[in-house]
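Open the model in your viewer and keep the selection panel at hand. This tour goes stop by stop.

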Number of protein chains: 2
Amino acid sequence: MRIGELSKATDVPVPTIKYYLREGLLPAGELSSPNQASYGDTHVRRLRLIRALVELAGVPVATVKEILESLDADTEPLHEQIGRAHRALTPTRRLSATEEARDAATAQVTKLIHDRGWTVEPSAPALATLIDTVAAFRALGQENLIAHLDAYADSVERFTRFEIDAVTANPTRDQLAESVVIGTILGETLIASLRLLAQESISADRWKNR
Amino acid sequence: MRIGELSKATDVPVPTIKYYLREGLLPAGELSSPNQASYGDTHVRRLRLIRALVELAGVPVATVKEILESLDADTEPLHEQIGRAHRALTPTRRLSATEEARDAATAQVTKLIHDRGWTVEPSAPALATLIDTVAAFRALGQENLIAHLDAYADSVERFTRFEIDAVTANPTRDQLAESVVIGTILGETLIASLRLLAQESISADRWKNR
DNA sequence: GCTTATGGATACTGATACTATCCATGACAG
DNA sequence: CTGTCATGGATAGTATCAGTATCCATAAGC
């Protein structure tokens, strides 16, 4: 398969494929002559994965590269790969809240994690984001929305459980790792859109005239 | 309050505040003389809201502007404002999938919505994203992950319900509208980080040695 | 009166994700 | 075997986004 065919198969423009090759997201094709390379099925799949992460999930290209490198390095422990996927989903956005809001948020989140018996590293990127977010809700006068934080956590824990069950069903470690990455990242898009649809549906009849 | 004090109160640099003023995200202060304006508490709150949306939720500045305009136009029906917040969360990313994957995804999503009795407009932006995402899962060989789509929807519907209950508790329409926007947008960040923490915790003991 | 901050305008920056152009070579059709 | 087209590789250009930086005339506040 040559680059033009790869482009047609995946609906990605040739210059974009060249860009991904340059950036090292896509392995080079096998050179049969100085200006002729052939690409295979792995390239098609890899390219589809890249597009899904970039286009659907909005992951930065540089991060996709990191994730793919980690996927290819099958020596890396699985939790390292998960950590990488997690970092891909939590850009280093920090928000300085008022001290009270931040303290209250930290306390609430710490309590939540303790009560649920979760094992979470203090350095987990999502932890900081969660605290910031809870603090933001407070700072914006939306205490009532996060009063049910535990109920949120309950539902979230529910689907996370069978998510992990489904992923664990993979026979090989490589497949498992790939499932983890896809599940973690695309799963967020999935849940987000389900939530919006649920919101639209539930709110429709309740507020028809407000 | 002058711009310098506003900056200190919110921890946003003066040039950034000026930028938001230019872009129309923040209403101009009251001019007491050609080069002296005073800002009040509304500015502090508005600025905090802007930062939360931009920094935490990653909403583009142009979209924040739209949302705020919609919030200020209290003549606009509530479901219009919800739609706007939804559009803020679903950037127009489209992914061309294979036809089979796309058809299968459409069928699965249509069935889901029907089975759950959801009322969803066919033009809902989240609907397209959901179909694309499900199709991407298929195209990437992760059918097993979306086999439980209904279970996902179940959990999602659960927290969406009390989310809407919490928001409905607001006395005035203005407060309701603001809660809807904040809840919809920051809620996504909240759920996403909760999910990552749950994943980390649940997966830790399961895959310690893989 | 002197330093500092301000409003307003305009210009510049850095990051990101592509696109476009060029060129020498090679594949393939007729 | 020859003319057209695609390709690999390199380099340069573009659009968007979210600020920053600079300037200036004016005004606060000590």
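The stops below cover a DNA strand and its protein surroundings, then some aromatic rings.

**Before you start.** This is a predicted model, in which local features need pLDDT of at least 70 and side-chain atom pairs count only at pLDDT 80 or more, while totals for chains, interfaces and linings use all residues. Residues are numbered from 1 along each chain as its sequence is written, chains are lettered from A and ligands numbered from 1 in the order in which they are written, and side-chain values use heavy atoms, with hydrogens and water left out.

**Stop 1: DNA strand C.** Select DNA strand C and the residues near it (one heavy atom within 4 Å of the strand). You should get 25 residues. The closest are R22(A), N35(A), G4(B), K18(B) and A37(B). Now look at the strand's own atoms within 4 Å of the protein: 70% belong to sugar or phosphate, and the rest to bases.

**Stop 2: the surrounding surface.** Color this surface by residue class. Nonpolar covers Ala, Val, Leu, Ile, Met, Phe, Trp, Tyr, Cys and Pro; charged covers Asp, Glu, Lys and Arg; the others, Gly among them, are polar. The surface near DNA strand C then splits into twelve nonpolar, seven polar and six charged residues.

Switch to cartoon. Helices (H or I, at least four residues) and strands (E, at least two) are DSSP runs, numbered from the N terminus. In chain A, α2 (14–23) and α3 (41–56) each supply at least two residues of this surface. In chain B, α1 (3–10), α2 (14–23) and β2 (36–38) do so too. Which element gives the largest share? It is α2(A), with five residues.

**Stop 3: polar contacts from chain A.** Show N or O pairs within 3.5 Å, the cut-off for a polar contact between protein and DNA. Select N35(A): a polar side-chain atom lies 2.3 Å from a base oxygen of DNA strand C. For R22(A), the distance to a base oxygen is 2.7 Å. Y20(A) has a polar side-chain atom 3.3 Å from a phosphate oxygen.

**Stop 4: tyrosine rings.** Stay on Y20(A) and add Y19(A). Rings of Phe, Tyr and Trp (its six-membered ring) pair if their centres lie within 6.5 Å; planes under 30 degrees apart are stacked, over 60 edge-to-face, the rest tilted. The count is six aromatic pairs over all chains. Y19(A) and Y20(A) form a tilted one, 5.6 Å centre to centre and 40° between planes.

Buried or exposed? Buried means under 20% relative accessible area, exposed over 50%, partly exposed in between (1.4 Å probe, protein chains only). Y20(A) is buried at 2%, whereas Y19(A) is partly exposed at 31%.

**Stop 5: an aromatic cluster.** Finish with Y152(A), F159(B) and F162(B), which form one aromatic cluster.

Conventions: Polar contact = N/O pair within 3.5 Å; in protein donor to acceptor, adjacent residues only side chain to side chain.
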